[in-house]
Amino acid sequence: MNIALILSGGTGRRLGMDMPKQYIEVAGRPVISYSIRQLSIHSSVDVIQIVADPAWRPAIGEWLELEDVEHKFRGFSDPGENRQLSILHALEDIRTYAGNEDYVFVHDAARPLLSARQIGECLGGVAGHDALVPVLPMKDNVYSSTDGKRITSLLNRSEIFAGQAPEVFQLGKYYDANMRLMPERILDINGSAEPAILAGMEVYLIPGDEGNFKITTPGDLERFQKMMSENGMDSSAGTDRNKEK
């Protein structure tokens with residue numbers, strides 16, 4: 001079984017708006033609905049679990065019904081103190097209906113341009129591995145600085161990659177990896193793959209998608225709004241890049 005876990009518990013403070021960024025409407029639809037639809041219609045995704053604050057759950061339920069994709073939705077999970085605790089809460093819920101050998105596909109609600117191709121490549125590529133992360137190569141020179149003022153050392157950019165969501169993990173091993181970090185170390189985790197790496201899980205890399213950016217700043221939101229406007233998007237339309245290939 002492949003379980004898509006959508007993380008939608010963030011507050012979006014960095015965007016400086018009154019509501020979390022994943023619920024802002026763009027082209028007549030909330031940002032979260034774009035990835036919900038892509039995951040719902042993809043044949044490789046069996047069920048969907050969503051981390052969301054209780055206050056937003058009725059609205060999400062309405063969007064699921066409006067999109068006619070509620071058939072794959074399995075349930076909500078509570079947000080945690082940080083992103084990784086939100087994931088752990090969801091893993092605990094997922095384990096009530098999924099097995100240790102199943103895979104969890106972790107995606108951010110604020111990444112609305114998830115393509116069918118990337119979903120397929122992630123879920124197809126993880127077979128035989130403990131985990132999978134799509135990555136982007138570094139285009140610029142990369143330096144290390146211990147004080148943020150002076151270059152401490154040079155880094156080989158051919159060996160440095162930027163990780164993206166979605167990331168895929170084998171449920172049982174990933175749950176155990178997260179539990180090893182409880183109760184305090186998990187609060188220092190910044191990326192979904194960190195618990196897997198610390199636990200010695202094999203994390204396989206595949207090429208990422210530069211178009212699958214995360215809406216974090218006002219500039220990111222403007223970029224997404226412009227893309228949807230240029231594509232003539234409305235509440236029922238999709239983009240060419242999101243067609244399954």
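Which residues form a nonpolar patch on the surface? In this predicted model, the patch consists of Tyr-143, Ile-151 and Leu-154, and their accessible area together is about 360 Å². Tyr-143 belongs to strand E8, which spans residues 143-144. The relative accessible area of Tyr-143 is 44%; this residue is therefore classed as partly exposed, since the class lies between the limits of 20% for buried and 50% for exposed residues.

The overall dimensions of the chain were examined next. For 245 residues, a compact globule would be expected to have a radius of gyration near 18 Å, and the protein chain, with 18 Å, agrees with that value. Along the principal axes, the C-alpha atoms fill a box of roughly 50 × 40 × 35 Å. The accessible surface of the protein chain is about 12200 Å², and carbon and sulfur atoms contribute 47% of this area. Of the 245 residues, 49% are buried. Among contacts with a separation of 6 or more, 75% are between residues 24 or more positions apart.

The secondary structure of the protein chain comprises 7 helices and 12 strands. Strand E1, formed by residues 2-8, is mostly covered, with 7 of its 7 residues buried. The side chains of this strand are divided between two directions: Asn-2, Ala-4, Ile-6 and Ser-8 point one way, whereas Ile-3, Leu-5 and Leu-7 point the other way. Residues of both sets are buried.

Strand E1 is joined to two further strands. Strand E6 (residues 103-108) runs parallel to E1 and is connected to it by 6 bridges; within this pairing, Phe-105 of E6 is the bridge partner of Ala-4. Strand E4 (residues 47-52) is also parallel to E1 and is linked to it by 6 bridges. In this second pairing, Ile-3 has Val-47 of E4 as its bridge partner.

Helix H4 covers residues 116-125, and its buried residues are Ala-116, Gln-118, Ile-119, Cys-122, Leu-123 and Gly-125. An α-helix has 3.6 residues a turn, so residues three or four places apart point the same way. The buried residues of H4 pack against E1 and E6, and also against helix H1 (31-41). Further packing partners of these residues are strands E7 (131-137), E11 (167-170) and E12 (203-207). Strand E1 thus appears both in the parallel pairings with E6 and E4 and among the elements that the buried residues of H4 pack against.

Notes
Residues numbered from 1 in each chain as written. Predicted model: local features only at pLDDT ≥ 70, side-chain atom pairs only at ≥ 80, totals over all residues. Heavy atoms only, no water. Patch = residues over 30% accessible without salt bridge, like charges linked within 9 Å, V, L, I, M, F, W, Y side chains within 5 Å. Areas by Shrake-Rupley, 256 points an atom, 1.4 Å probe, with all protein chains shown as cover. Salt bridge = Lys/Arg side-chain N within 4 Å of Asp/Glu carboxyl O. Helix = DSSP H or I, 4+ residues; strand = E, 2+ residues; numbered from the N terminus. Buried < 20%, exposed > 50% of the residue type's maximum accessible area, 1.4 Å probe, protein only. Rg over C-alpha atoms; globule rule 2.2 N^0.38 Å. Contact = heavy atoms within 4.5 Å. Pairing = 2+ DSSP bridges.
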